[in-house]
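User: I have a fold to go through with you. Please take my questions one by one and reason briefly.

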Amino acid sequence: MVCPDCGDVGLGVDATLAVKPGWMWDEIDVQIIACRACAFRGVATYCESRRGSLDDEAVDHHGYRLPQPLLEVIERRIADCPNKRDETCTCIAHEHLGRSNAGGHFCGLDDAALRDRFVIAYREIVESSPP
Ligand SMILES: [Zn+2]
Ligand SMILES: [Zn+2]
């Protein structure tokens, strides 16, 4: 994945927490993302819908820049979760990051979501060179 800060493709996932997807998605993972080339760390949401035909899979993968103290809290909570792949886990990370609003939409990152959100790209944009 492409780092939003330095553009290196070394952005990887450090930790994943599977949370309750609400009605919009079949799967939502909250991820801690980190760049191997620079100091960037952040949080991402990976949402996947498997309804419809196979080649019609919908994926929504967004990253968020968080203020350092909030990021540290989220990282620590995810690290403490005993069942990261279990969306029915009741630890504080799952309680907090797995929230849905009254309409059944995932809103676990709503306190951070509007701050600085970016689409996660999977490879560098290659400029096409003129012939
Ligand atoms: Zn980077
Ligand atoms: Zn948990």
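User: Over how many bridges do β4 and β5 pair?
Analyst: This is a predicted model. Strand β4 covers residues 58-64 and pairs with β5 in the antiparallel sense. One of the partners is known by name: His 62 in β4 bridges to Val 119 in β5. The number of bridges between β4 and β5 is three.

User: Which strands are the edge strands of the sheet?
Analyst: The sheet is open and has five strands, in the order β1-β2-β3-β4-β5. Its pairing is antiparallel. An edge strand pairs on one side only. The edge strands are β1 and β5 (117-119).

User: By how many degrees are neighbouring strands of this sheet turned against each other on average?
Analyst: The value concerns neighbours in the open sheet of five strands. It is an average, with direction ignored. The turn is 30 degrees.

User: Which strands does α1 touch where it packs on the sheet?
Analyst: Helix α1 spans residues 68-80. Its direction makes about 60 degrees with that of β3. The strands touched by α1 are β1, β2 and β3.

User: What is the bridge partner of Ile 28 in β3?
Analyst: Strand β2 runs antiparallel to β3 (residues 41-49), and eight bridges join them. A hairpin through five residues links β2 to β3. The β3 partner of Ile 28 is Cys 47.

User: And what is the bridge partner of Leu 17 in β2?
Analyst: Strands β1 (residues 11-19) and β2 (residues 27-35) run antiparallel. Eight bridges join β1 to β2. In β2, Leu 17 is partnered by Val 30.

User: Which elements give two or more residues to the largest nonpolar core?
Analyst: This core holds 23 residues. Among those that touch the most other members are Leu 17, Val 30 and Leu 97. Val 30 touches both Leu 17 and Leu 97, and also Val 19, Val 43, Thr 45 and Gly 108, leaving out residues up to four places away in sequence. The elements giving two or more residues to this core are β1, β2, β3, α1 and α2 (92-97).

User: What percentage of the residues in the protein chain is buried?
Analyst: A residue is buried if 20 or more other C-beta atoms lie within 10 Å of its own. The count runs over the 131 residues in the protein chain. The buried share is 24%.

User: In what order do the elements run from the N terminus on?
Analyst: The protein chain has three helices and five strands. Among contacts between residues at least 6 apart in sequence, 52% join residues at least 24 apart. The order of elements is β-β-β-β-α-α-α-β.

Terms used. Residues numbered from 1 in each chain as written. Chains lettered and ligands numbered in written order. Predicted model: local features only at pLDDT ≥ 70, side-chain atom pairs only at ≥ 80, totals over all residues. Helix = DSSP H or I, 4+ residues; strand = E, 2+ residues; numbered from the N terminus. Buried ≥ 20, exposed ≤ 12 C-beta atoms within 10 Å, placed from the backbone. Contact = placed C-beta atoms within 7 Å. Pairing = 2+ DSSP bridges. Core = buried A, V, L, I, M, F, W, Y, C linked by C-beta atoms within 7 Å. Axes fitted to C-alpha atoms, helices over the stretch in contact; angles between N-to-C directions.
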